[in-house]
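This report is meant for a reader who is meeting the structure for the first time. Please keep the sequence and the three-dimensional view at hand while reading.

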Amino acid sequence: PPPKKGVESPATPKNFPGGWATTNDYPSKALQEEREGITAFRVLVSKGGVVTNCTVTESSGHADLDDVTCSNVSKRATFYPAQDKKGRPVEGSYANRVRWQIPVMASNASFPILRDSLPRPPQILKAAELRIEKDDYPSGALAAGEQGVTTFALDIDPQGKVNGCDVVTSSGSVLLDQQSCVVAKKWSFEPARNIDGKPTFGKSRHTLNWRLPKGAPRVSASPGRPTTNPFEKEGSITLNLEFDDKGKLVDCALESKGEFPLFGGQNIFSNRACKDGFGRDIKPFLNANGQPEAKRIIYFIWG
């Protein structure tokens with residue numbers, strides 16, 4: 001901080017002294033010869049806070065290290081000038097040291113280059129294809145002012161063609177979720193490669209952010225007439241779970257019929273229910289005597 005006004009004080013650095021002479025200033029010959037040392041110096045500071053002279057008060061033992069010390073300090077150091085008892089700027093001095101030490105060079109490797117790493121997942125070939133044009137927006141969703149984010153997983157064959165699409169996270173709009181897969185099936189891919197570098201089947205997950213074009217109707221935040229009804233189509237899902245007396249899940253079967261728009265479609269929910277939703281062990285059930293017992297759970301999810 002600057003010295004208080006009206007108080008006697010010595011010359012005080014304005015900028016950081018550690019930046020006056022750094023390892024970047026190390027004389028090349030001294031580096032080659034691996035010479036180190038500490039140079040003590042004193043500078044005279046004018047009334048305007050400028051270095052007017054630099055003197056080595058204790059040598060490092062190497063003339064080139066001493067010379068570069070004063071040379072760089074004189075160019076880079078700035079000061080608040082010293083003040084007399086009445087707070088008036090006067091000439092002053094400042095002393096410090098520079099430790100010249102060979103820097104330790106840190107070695108590190110880059111992240112793997114994807115195109116050279118094996119095995120590797122599919123890679124999109126044309127970034128321009130990821131841009132969604134206004135004509136791709138479903139007319140029904142556009143008219144209803146629907147927008148949202150759909151996350152989906154693509155199955156890519158060894159020729160780089162999309163041959164499967166599953167919605168992982170719904171946008172809340174059936175039309176937008178379905179159109180996400182329609183659009184994605186037009187994309188071009190470099191196929192996945194196995195450990196030998198040969199094309200193979202792979203998966204690629206994407207997020208599509210459906211944003212209504214400028215001037216298009218938007219869903220009002222205030223209460224109004226609903227534009228969709230997720231319960232128009234009948235359906236049901238029953239999940240049968242069997243656990244042994246240790247709480248280990250030994251069987252998981254899903255029985256379903258109908259369609260389930262809130263979950264992004266029947267197939268999506270069916271494929272993920274046992275694997276991600278309930279595919280885990282639990283604390284075992286206890287009978288009336290407090291002993292572990294096996295149990296079958298029938299879980300009705302939708303109807």
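The sections below describe a sheet, a residue within it, the salt bridges and a helix, all in a predicted model.

## A three-stranded sheet

Three strands make up an open sheet, arranged in the order S10-S9-S14, and their pairing is antiparallel. Strand S10, residues 162-169, and strand S14, residues 202-210, stand at the edges with a single partner strand each, so one side of each has no neighbour in the sheet. On average, and with direction ignored, neighbouring strands of this sheet are turned by 25 degrees against each other. Helix H4, which covers residues 174-184, packs on the sheet and touches S9, S10 and S14, while its direction makes about 40 degrees with that of S9.

As a general point, the strands of a sheet pair through backbone hydrogen bonds, and they may do so in a parallel or an antiparallel way. Here strand S9, residues 148-156, pairs with S14 in the antiparallel sense over nine bridges. Within that pairing Gly 148 stands opposite Trp 210 of S14, and Thr 150 has Leu 208 in S14 as its bridge partner. Towards S10, strand S9 is joined by six bridges, and these two strands also run antiparallel; Leu 154, for instance, has Cys 165 in S10 as its bridge partner. The hairpin of S9 and S10 has five residues between the strands, and in this hairpin Gly 160 takes a positive phi near 85 degrees.

## Thr 151 within strand S9

Is strand S9 largely enclosed or not enclosed by the rest of the structure? Seven of its nine residues are buried, and S9 is therefore largely enclosed by the rest of the structure. Thr 151 has its place in this strand, and with a relative accessibility of 13% it counts as buried, because buried means under 20%.

Leaving aside residues up to four places away in sequence, Thr 151 touches Asp 166, Val 167, Val 168, Thr 169, Arg 205, His 206 and Thr 207. With Thr 207 there is also a polar contact from side chain to side chain, at 3.4 Å.

## Salt bridges

In general, side chains of opposite charge can pair when their charged atoms come close. The count of salt bridges in this model comes to 11. One of them belongs to the sheet described above: Lys 203 forms a salt bridge with Asp 155, and the closest N and O atoms of this pair are 2.3 Å apart. Since Lys 203 lies in strand S14 and Asp 155 in strand S9, the pair ties together parts that are 48 residues apart in sequence. Lys 203 is exposed, with a relative accessible area of 52%, whereas Asp 155, at 23% relative accessibility, counts as partly exposed.

Another salt bridge joins Arg 97 to Glu 58, with the closest N and O atoms 3.2 Å apart. This pair links distant parts of the chain, as Arg 97 is in strand S7 (residues 92-100) and Glu 58 is in strand S3 (residues 51-58), 39 residues apart. Arg 97 counts as partly exposed at 47% relative accessibility, and Glu 58 is partly exposed with a relative accessible area of 41%. Lys 295 and Glu 293 form a further salt bridge, in which the closest N and O atoms are 3.7 Å apart; Lys 295 is partly exposed at a relative accessible area of 35%, and Glu 293 is partly exposed at 25%. In addition, a network of salt bridges links Glu 33, Arg 35 and Asp 64.

## Helix H2 and what it packs against

Helix H2 covers residues 63-76, which makes 14 residues, and it reaches 20 Å from its first C-alpha to its last, close to the 20 Å expected at 1.5 Å a residue. The buried residues of this helix are Leu 65, Asp 66, Val 68, Thr 69, Cys 70, Asn 72 and Val 73. An α-helix in general has 3.6 residues a turn, so residues three or four places apart point the same way.

Which elements do the buried residues of H2 pack against? They pack against helix H1 (28-32) and strand S2 (37-45), and also against S3 and S7. Strands S3 and S7 were named in the section on salt bridges, since Glu 58 is in S3 and Arg 97 is in S7.

Notes: Residues numbered from 1 in each chain as written. Predicted model: local features only at pLDDT ≥ 70, side-chain atom pairs only at ≥ 80, totals over all residues. Heavy atoms only, no water. Pairing = 2+ DSSP bridges. Helix = DSSP H or I, 4+ residues; strand = E, 2+ residues; numbered from the N terminus. Axes fitted to C-alpha atoms, helices over the stretch in contact; angles between N-to-C directions. Contact = heavy atoms within 4.5 Å. Buried < 20%, exposed > 50% of the residue type's maximum accessible area, 1.4 Å probe, protein only. Polar contact = N/O pair within 3.5 Å; in protein donor to acceptor, adjacent residues only side chain to side chain. Salt bridge = Lys/Arg side-chain N within 4 Å of Asp/Glu carboxyl O. Expected span 1.5 Å × (residues − 1).
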